[in-house]
Amino acid sequence: MILLPSLLITNCKEEMKKCVSQSTDINVKLYNDLTDQLIPYFFREDYLGEKRYFDSLRVHDDDLYIEEKTKAHNEIFNHPEKFCNLYIDSTKNKNTDFATGSKNFITGHPEAHINYIKSRKELLKEFSSNTDIIKKLSTRSSIKANQFNLCTAKVLDLAEYDKHTNECEIGVVYFSEIVFDPSKKRALVFVDHRIKNYFHRNAVFKLRLHDNYWEIEDYTILLTS
């Protein structure tokens, strides 16, 4: 079962469109399919630009919120002139520091993140033969901005940030290397996402290849601030 917010389970007349990457490179396809899901379900409503006005509906009428967000999402789908910018960190941070303190870990133990990941046995059970799980989740991906072909956002390299400061911004995202299971049909990826100075979240995502699309199957949040 996909453990994402209730936005995925909806009876609204209009369904939220998804962008299935056609890349023949398994890594590129996975990062594209993953980001396609992260944008509407993990990165808040910032990608919708001026259409974010309806976010207040979430508190008062969840069904109407889902309906309005779905419409707004589909209105910008495949319309690049309406896209906001998602910046990928492919140069600034080489690796992830899993020893960084987090509000989610009361003890503040330097290996809290690593130990927590290992404790989620159901998250890792298909990857027991891979001895480099933590190493790969701690190493920045080599994916570049020009390898993304999304339907709801424009991906730019973080090095270009100063050229686009007046444009609509989704935030900065960092991806780890991918950990595959032996069948290459399940995978783990660490993702870190920052929105300027007011929102930061990171998590390890578990994905499965289903109907030529890498679906998020499970995730564990490591930090939210």
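Okay, the disulfide between Cys19 and Cys151: the torsion about its S-S bond is about 50°, so this one is right-handed. Keep in mind that we're looking at a predicted model. The two sulfur atoms sit 2.0 Å apart. Now, what does this pair tie together? Cys19 lies in the segment before helix 1, residues 26-41, and Cys151 is in the loop between helix 6 (133-137) and strand 2 (153-157), so the bond joins parts that are 132 residues apart in sequence. Buried or exposed, for these two cysteines? Cys19 is buried, at a relative accessible area of 9%, and Cys151 is buried too, at 8%.

The structure holds 2 disulfides, so let me turn to Cys84 and Cys168, because the torsion about their S-S bond is about 75°, which makes this disulfide right-handed. Here the sulfur atoms are 1.8 Å apart. This pair also links distant parts of the chain: Cys84 is in strand 1, residues 84-88, while Cys168 is in the loop between strand 2 and strand 3 (169-175), 84 residues away. On burial, Cys84 counts as buried at 2% relative accessibility, whereas Cys168 is partly exposed, with a relative accessible area of 30%. If you number the bonded cysteines in sequence order, the pairing reads 1-3, 2-4.

Right, on to the strands, with strand 5 as our guide. Strand 5 covers residues 186-195 and is mostly covered, with 8 of its 10 residues buried. Which strands does it pair with? Take strand 3: strand 3 and strand 5 are antiparallel, with 4 bridges, and in that pairing Val173 has His193 of strand 5 as its bridge partner. Then there's strand 4, residues 179-180, which pairs with strand 5 in the antiparallel sense over 2 bridges. Val179 stands opposite Leu188 of strand 5 there. The hairpin of strand 4 and strand 5 has 5 residues between the strands, and in it Lys184 takes a positive phi near 60°. And strand 6 runs antiparallel to strand 5, joined to it by 10 bridges. One example is Val191, whose bridge partner in strand 6 is Ala203.

While we're on strand 6, which spans residues 199-210, have a look at Lys206, because that's where this residue sits. How accessible is Lys206? At 4% relative accessibility, Lys206 counts as buried. Its contacts, leaving out residues up to four places away in sequence, include the acidic side of the list, Glu122, Glu126, Glu215, Glu217 and Asp218, and also Arg186. Leu123, Phe127, Ala187, Leu188 and Ile216 are among the residues Lys206 touches as well.

Last topic, the nonpolar cores. The largest one has 34 residues, and Leu34, Leu38, Phe175, Val189 and Phe205 touch the most other members. Who supplies it? Helix 1, helix 3 (62-76), strands 1, 2, 3, 5 and 6, and strand 7 (213-224) each give at least two residues. Helix 1 provides the largest share, 6 residues. Pick Phe205 if you want one residue to click on: past the four-place sequence cut, its contacts include Leu34, Leu38 and Phe42, plus Val189, Val191 and Tyr219. There is also a second, separate core of 11 residues, and Leu124, Ile133, Tyr174 and Val179 are among its members. You've met Val179 already, as the residue opposite Leu188 in strand 5.

Terms used
Residues are numbered from 1 along each chain as its sequence is written. This is a predicted model: local features need pLDDT of at least 70, side-chain atom pairs count only at pLDDT 80 or more; totals for chains, interfaces and linings use all residues. Side-chain values use heavy atoms; hydrogens and water are left out. A disulfide is a pair of cysteine sulfur atoms within 2.5 Å. Buried means under 20% relative accessible area, exposed over 50%, partly exposed in between (1.4 Å probe, protein chains only). Contact means heavy atoms within 4.5 Å. Two strands pair if DSSP finds at least two bridges between them. A nonpolar core is a set of buried Ala, Val, Leu, Ile, Met, Phe, Trp, Tyr and Cys residues joined through side-chain atoms within 4.5 Å.
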